[in-house]
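Reader: Hi! I have a new complex open on my screen and would love a quick walk through it. Could you keep me company while I look around?

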Amino acid sequence: MSDTIAVPNKLPATSGRYRISDHLTSFGPLIALVALLIIGGLINESFLSSANISNVLTRSALIGIIAIGTTFVITAGGLDLSVGAMSALVAGLMIMFMNAVAATLGTGWLTVLVGILFALLLGTMAGLVNGLLITRWRIEAFIVTLGTMGIFRSLLTYLSNGGAISLESGLRSTARPIYYGTLLGIAYPILALAILAIIGEFVLWRTRFGRHCAAIGSNAAVAKYSAINVNRVRIATYILQGLCVAVATLIYVPRLGAATPSTGVLWELEAIAAVIIGGTVLSGGYGRIWGTIVGVLILGLIQNILNLTSWFSPHLNGSIQGAIIILAVLMQKGRAAR
Amino acid sequence: MCPTTIPSRIGRTLSTLAQSPAQVERQGMTLLRTNSIRKSFGPVEVLKEIDFAVSPGEVTALVGENGAGKSTLMKIIAGYEQPSSGHLLVDGSDIFFETNVDAEASGIVLVHQEFCLIPHLTVAENIFLGYEPTRRRALDYAAMEQRAALLLEELGSTIHPRMLLSKLAVSDWQMIEIAKALSRRPRLLIMDEPTAVLGHHETDRLFERVDRFRQDGGAVIFTSHKLDEVKRLADQTAILRDGRIVTVAPTGSLTEDEMASLMVGRPLSDLYPPKHPKPDQTSVLSVRELEVPGYVERASFDLRKGEILGFSGLVGSGRTELFEGLFGLRPARCKSFAYQGKGRPLPTPREAYQMGMAYLTEDRKGRGLLFEKSLGENLTLLKGALTGGTVIDIKAERAELDHAITTYEIRAPRPSARVGTLSGGNQQKLLIAKTLLAAPDVIVFDEPTRGIDIGTKQQIYRLIQSLAAAGKTCVVISSEMQEIIGLSHRVMIMRQGRIVGEVAGDTMTEDEIVRYAVGLKEAPIHV
Amino acid sequence: MLASVRSILGIGAMALAVVTASSSIALAEKAKIGISIPAATHGWTGGLNYHTKRTVDALKKAYPDLEFVITTADSATKQVNDIEDLVAVQKINALVILPFESDPLTEPVKEAKKQGIFVTTVDRGLSEEGVEDLYVGGNNPEYGRIAAEYFKTKLKGKGKIVVMRGIPTAIDNIRIDAFKKALEGTSIQVLDMQYANWNPDKGFEVMQDYLQRFPQIDGVWAGDDDAALGAIEAINQAGRDKGMIVLGGSGMNKVIKRIMDGDKLVDADIFYPPTLIIPAIGATALKFATGAPAGGRWVLGSPLITKENAEQYYFPEAPY
């Protein structure tokens, strides 16, 4: 094209740098997190103790790991309401499986390992079910996962007869360190969250797959016209979510050693709230894992701070939590208003 | 850019008080004047010292290359943007439009280039969006539909007011946008590329309507890249270049060539580059009795290596759907399909690209580019999906982007900018760059120069010719007769979903093509 | 008149035994009995559902002419719908209901009564007196009082304790009020009362935070056994089980086992079992099957369960 009309190229040389002003509004959740840490420290001196922070981080790790999967699902334009119920069912089946296998394999690490693999398999299958119903049969994600949520939950209640499904005490002691153990002073769940978050952010931003998720969430037609297999990517996100649920569940089970009908209740809303607070766009096309982690921490800290004070009547806990969530999202309004 | 303000009660009251054109008695007095209007976006000065005037009963054409500032100027006049300095005067007095609602209250209405319509609503609901007539606090659907029908009839359109927008074609959307603007009873109607998606028939009807509007005392400002239309419709022509008005003159005093030269700032060489002779007759692609349910039936043709095959026809004749079907983007079936001499079933989109076929969509906003993402991400989306590894090589991507920006001369504020901020022409160039990055052998260009200025058009024509010279095969779908004739070795014409004729050499004239397109002649290909 | 559960269960069991032995007794009438209970959303209601089903199965075998319809509801609204269906569609003769909440259910139950249906309410009453024919319930004020008495005894009248409340309902309010009242005049200080909703996960989290906040805690009233189990995990993790006492409530079999085994942390429980549905259904059924008298208010006591008497309260097969 060199002999065409010479149009002067006004483009500056390609720098690779972010312009900070583009991203100032996207640091909103981080500011909220820091503010909460300050408030907490002022309210109660034991708030910033390593024990308390460790507790909160460990508790948050469960929702956090689930929310990593949720980030992918939402970025690709989908939604999964079944994660809480899925977790309960996976927990129940996993415990029952381990209890049964313990007869032959004993109550040592071998059984626990087999139980973990079983949980991962269950999570994959559950995610596959969601994914297929949504893509092949073209049913709205909201409806499908609302349905599977009900199915998973009631299956668990049926299996448990309304009570708890408990791990045999021998298995319980073996598996206990998964939740309560530490490596160099950091609890295993926190390590797991950190590792998975780093991997997740890399996959989302630096791999083709992550890019395709964002493309599909942004405009599925454009993705299709760009030779991307939209259905396959979508199914993959739901399977990824199922795996995340499985990992979170296998960390959760050793905590109380049981699955109860109240296991996982409202976890899906917490995960989705964390993802949105963190800056991922609910309608799809843009997602960030680090934001999700910040969102999870914000939710965990709010709960912790409210437990540490008697200022407000405990009846108002819900209102305060809701108000802070709205504030955190408002701070991102700059981005959302584009 | 869609208006996000919904008029308040006050706005609605004011707009009903706005004078209808026929009531304007101040014939000959200036309706609108711009006084030293300047506009900058940050450090970039987009408009410099704009001075011109529009009178009632006068049609003004704004002409200029992409990025010359036409859209910005129109947005300022219509209240969507505010000038950085300078004034607007309406009926001789200074006026400030905070939003488009204020401008509409003064009788100034803009018809957008990118549609602001809601697919889930009906035609009537869209036309009266925000200004819905009510009866006893409930929506008055009867009145809405009646008035909508009237407006559409005046435009010569046969669209039924109760149809859902999602079921209508792009050209229909344009007519509805115009009807919507006219429903506000404007004194000054501003239209941004109104004929870009219209076929000849609809363009004629629109021009008739504009004529009546002008006779009633209304004023019109419009932009178009089709200089022949400018000659036909406009009383005066204002030419913009690099944010400045270079000339304002009665249209009769300028030839098309003069207009084009003034736009570009230098004399124009021939628009269409010389055609490269076809090297051989080997069949690159052949299809028999392709059927796309609802759109195309029994289409058969051959593509020969190195040729440029044109596809002409009225809007809605099925050309886009034919190739979408061929590329697996739509359900389709055929009797036989062969690529590079080897028979095979119709490919999926992925297979098509992998084989070396590429389809450049006519809908760059809806199906071509991710408007919310950056240039780099869009550029490599297709190629990456085909041959990219798992991990993205950021450095390589930046290099590709730099190369593309230079090769195709894409103008963007910065490389990390969102595609939505680029002008239409630059978006189209990016889409072409994206498609060609996958190094295809067969490229189908669907309306490649829609909404693009002369300078860029020429760039694209040269590109297509050089592709053919390099042994690639091109298909060009276009509604611009001159363009198709200027580019193609031969042209196939479609009508109502069937291929009804083929012309080449001596028979490749506008007259012949139109005959086939409207059904006066028919010579279906028997292969 | 307080009747201990033992004797109620005993009567019920005896009646069942008598009847099953002589199953050829001619019935007074055919009847359909509707049962409306909360869904199994937590341990206690899980047990409730289990015992309901068990009882109904046994009664069906004994009295083939009796029909039973069981409905479960996870909200007051659903339960209102259930009642309406039972009355209008199923055409029941008797209704055994454990109201999700007293206020919203009073009107529908009154309507049922108007249609001549025999009404038995279980555990929670209605907001109007005298609507039901038979009431079988636990003693919530006693529940709270016994808990307070336990701490008074164990801590010898002084010390610091934390409390976890249950799901915000009328029952929880009654128990907490009684608890607070019974502690008046002692030197026992209640440090805080957060909601754990009778839920083990919440119990765990709330206890973790209590332990962070208060360097000295002598005892925990977790509200019920589910939350207590969560609290125990948190206490063990923090290593503060020495000198700590934990009290739950409701008689979950796992906790009772611990008491029987002489657990240092948990050595008592308050009796408030989901098995109170058994005499309610049983009495209602017998009324129709044999003409046995059923009516009045039967309030079951909530005695303290300790190592001495734990065995009689232990049902290992039940889910709760």
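Reader: How many residues of chain A are in contact with chain B, and how many of chain B with chain A?
Author: Happy to help! This is a predicted model, and in it 27 residues of chain A are in contact with 38 residues of chain B.

Reader: Which elements give two or more residues to the side of chain A that touches chain B?
Author: Those are α9 (208-218) and α10 (220-225) of chain A. The most comes from α9(A), with five residues.

Reader: And what is that side like by class?
Author: The side of chain A that touches chain B has eleven nonpolar, eleven polar and five charged residues.

Reader: Now the other contact, please. How many residues do chain C and chain A put in?
Author: Chain C gives 29 residues and chain A gives 25 residues. On the chain C side, the elements with two or more residues touching chain A are α2 (43-62), β8 (187-195), α7 (200-213) and α8 (225-238).

Reader: Which of them gives the most?
Author: That is α7(C), with nine residues. Sorted by class, the side of chain C that touches chain A has ten nonpolar, 13 polar and six charged residues.

Reader: Which pair of chains shares the most contacts?
Author: Of the two pairs in contact, that is chains A and B.

Reader: How far apart are the nearest C-alpha atoms of chain B and chain C?
Author: They are 33 Å apart, and the two chains do not touch.

Reader: Good to know. Before I trust the details, what are the ipTM and pTM?
Author: The model scores ipTM 0.80 and pTM 0.78. Chain A has a mean pLDDT of 86, with 91% of its residues at 70 or more. Chain C also averages 86, and 91% of its residues score at least 70.

Reader: Where is confidence lowest and highest in chain A?
Author: It is lowest in helix α1 (residues 20-23) of chain A, at a mean of 46, and highest in α11(A), at 96. Over residues 1-22 of chain A the pLDDT is below 50, and this stretch has 24 contacts in the model beyond near neighbours in sequence. Where pLDDT is low, the predicted coordinates should not be read in detail.

Reader: And where are the lowest and highest spots in chain C?
Author: The lowest is strand β1 (residues 2-3) of chain C, with a mean of 42, while the highest is strand β9 (residues 219-221) of chain C, at 94. Residues 1-6 of chain C have pLDDT below 50, with eight contacts beyond near neighbours in sequence. Residues 19-26 of chain C stay under 50 too, and the model has five contacts for them beyond four places in sequence.

Reader: Back to α11(A). At what angle does it pack with α5(A)?
Author: Helix α5 (residues 109-135) and helix α11 (residues 230-256) of chain A pack at about 150 degrees, with their axes 7 Å apart. The crossing is right-handed. Their contact has 16 nonpolar residues, ten polar and one charged.

Reader: I just clicked on A:V73. Which helix is that in, and is it buried or exposed?
Author: A:V73 lies in helix α3 (residues 50-75) of chain A. This residue counts as buried because 31 other C-beta atoms lie within 10 Å, and the cut-off for buried is 20 or more.

Reader: What does A:V73 touch, leaving out residues up to four places away in sequence?
Author: A:V73 touches A:G78, A:L79, A:D80, A:T237, A:Y238 and A:Q241. A:G217 is 144 residues from A:V73 in sequence, but their C-alpha atoms are 9.1 Å apart in space.

Reader: Switching to chain B: how many helices and strands are there?
Author: Chain B has 19 helices and 22 strands. Its C-alpha atoms fill a box of roughly 70 × 50 × 50 Å along the principal axes.

Reader: What is its radius of gyration next to that of a compact globule?
Author: Chain B has 24 Å, which agrees with the value near 24 Å for a compact globule of 527 residues. Of those 527 residues, 48% count as buried. Among contacts in chain B between residues at least 6 apart in sequence, 70% join residues at least 24 apart.

Reader: Last one: how many helices and strands does chain C have?
Author: Chain C has ten helices and 13 strands. Its radius of gyration is 21 Å, close to the 20 Å that the globule rule gives for 320 residues, so chain C is as compact as a globular protein of that length. Of its 320 residues, 52% count as buried.

Notes: Residues are numbered from 1 along each chain as its sequence is written. Chains are lettered from A and ligands numbered from 1 in the order in which they are written. This is a predicted model: local features need pLDDT of at least 70, side-chain atom pairs count only at pLDDT 80 or more; totals for chains, interfaces and linings use all residues. Two residues are in contact if their C-beta atoms, placed from the backbone, lie within 7 Å. Helices (H or I, at least four residues) and strands (E, at least two) are DSSP runs, numbered from the N terminus. Ala, Val, Leu, Ile, Met, Phe, Trp, Tyr, Cys and Pro count as nonpolar, Asp, Glu, Lys and Arg as charged, and the others, Gly among them, as polar. The radius of gyration is taken over C-alpha atoms; the globule rule is 2.2 Å times the number of residues to the power 0.38. A residue is buried if 20 or more other C-beta atoms lie within 10 Å of its own, exposed if 12 or fewer, and partly exposed in between; C-beta atoms are placed from the backbone. Axes are lines fitted to C-alpha atoms, for helices over the stretch in contact, and angles run from 0 to 180 degrees between N-to-C directions. A crossing is left-handed if the near helix is turned anticlockwise from the far one by less than a right angle, and right-handed if clockwise. pLDDT is the predictor's confidence in each residue, from 0 to 100.
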